[in-house]
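This report concerns nonpolar cores and charged pairs. Please look at the sequence and the structure before reading on.

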Amino acid sequence: MTDTLKEVQKKEAELEKGVERTRETRVYTPAVDIIEKKNDIVVFADMPGVDENSVDITLEKDLLTIYGKIEPEVPENHKLAVSEYGMGDYQRTFTLSDEIDKDHIQATVRDGVLRLVLPKAEKAKTKKIPVTGNA
Amino acid sequence: MTTTYLERLLDPWRELDRMNRLLNTDSCGGSEYPAVNVWINGDNAVITSEIPGIDRETIDISVSGNTVSLSGSRPAEETGEEESYHRRELWHGMFSKTVRLPFSIDADKVKATYRNGVLRISLPQLEADKPKKININ
């Protein structure tokens with residue numbers, strides 16, 4: 001395997017010791033881009049196979065969890081001859097700081113990419129203080 | 001990560017991944033982005049690939065003989081002023097991948113769909129390439 005593939009290979013999500021999942025499926029950690037903009041923080045997560053109905057976003061205290069459930073793309077009556085990627089659900093959790101306006105988080109899914117917009121709370125927005133010289 | 005031997009035994013995906021790594025399957029030519037799964041059913045093959053965040057119009061699929069090539073690109077998100085990356089893990093750039101099948105493909109009957117970031121190409125075998133039964137007179 002080349003190094004390029006290693007970079008894009010999916011990582012399996014880690015479980016706490018002694019904790020098991022009820023569904024017998026693999027769970028991957030989706031790759032994310034997190035961009036801080038002036039008024040919000042935008043998260044993009046690659047979750048191929050997930051649509052707007054199969055992604056769950058929960059916010060408990062400061063923990064933001066994204067979970068995407070997939071229906072594996074398995075062609076009927078076909079046998080898997082070459083497997084370069086595994087299929088499974090996606091899960092990733094982030095801690096949010098106080099500076100996020102938790103009531104106005106927006107989420108959209110398009111072409112298997114989740115886009116989360118986390119607006120900054122009013123107090124966390126950077127204010128530019130004009131410096132005035134002595135008049 | 002805690003997995004028991006039994007769990008590993010019961011998970012066919014993990015086992016397949018492991019076998020692929022061991023064999024370093026080259027029958028499919030190359031192992032660069034995007035990763036593909038190839039499914040075969042006699043005279044029909046299906047290739048699935050996870051390529052999220054691509055405009056379907058820009059995916060190029062071409063078939064020649066027993067090979068199929070996919071190419072396209074995923075442009076990086078444009079960042080303006082006062083924007084900064086906290087994390088940058090998503091794959092961006094141009095990709096091109098060639099997959100070789102064990103039979104000649106009927107290019108006119110190839111069908112492709114792209115849904116939720118998953119590309120699926122159905123590739124039937126060329127009629128002339130199928131084995132013929134010879135009757136003995």
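The largest nonpolar core holds 25 residues, and Met47(A), Leu114(A) and Leu118(A) touch the most other members of that core. Here a nonpolar core means a set of buried Ala, Val, Leu, Ile, Met, Phe, Trp, Tyr and Cys residues joined through side-chain atoms within 4.5 Å. Two or more residues each come from strands S3 (32–36), S4 (40–46), S6 (63–68), S8 (88–95) and S10 (113–119) of chain A. Strands (E, at least two residues) are DSSP runs, numbered from the N terminus.

The model is predicted: local features need pLDDT of at least 70, side-chain atom pairs count only at pLDDT 80 or more, and totals for chains, interfaces and linings use all residues. Residues are numbered from 1 along each chain as its sequence is written, chains are lettered from A and ligands numbered from 1 in the order in which they are written, and side-chain values use heavy atoms, with hydrogens and water left out.

Leu114(A) is in contact (heavy atoms within 4.5 Å) with several residues, among them Val43(A), Phe44(A), Ile66(A) and Val109(A), when residues up to four places away in sequence are not counted. Apart from the largest core there is a second, separate core of 21 residues, which includes Val82(A) together with Leu70(B), Ile105(B) and Tyr114(B). In soluble globular proteins, nonpolar side chains tend to be buried together.

Charged residues form another topic. A salt bridge is a side-chain nitrogen of Lys or Arg within 4 Å of a carboxyl oxygen of Asp or Glu. Over all chains, the count is 13 salt bridges. Three of the pairs are listed below.

| Pair | Closest N to O distance |
|---|---|
| Glu12(A) and Arg26(A) | 4.0 Å |
| Asp106(B) and Lys109(B) | 3.6 Å |
| Glu127(B) and Lys130(B) | 3.3 Å |

The pair of Glu12(A) and Arg26(A) links distant parts of chain A: Glu12(A) lies in strand S1 (residues 11–12) and Arg26(A) in strand S2 (residues 26–29), 14 residues apart.

Exposure is judged by relative accessible area: buried means under 20%, exposed over 50%, and partly exposed in between (1.4 Å probe, protein chains only). Glu12(A) is partly exposed at 27%, whereas Arg26(A) is buried at 6%. Asp106(B) is buried at 10%, and Lys109(B) is partly exposed at 48%. Glu127(B) is exposed at 51%, while Lys130(B) is partly exposed at 22%.

Salt bridges also link Arg92(A), Arg87(B) and Glu89(B) in a network.

How values were computed
Helix = DSSP H or I, 4+ residues; strand = E, 2+ residues; numbered from the N terminus.
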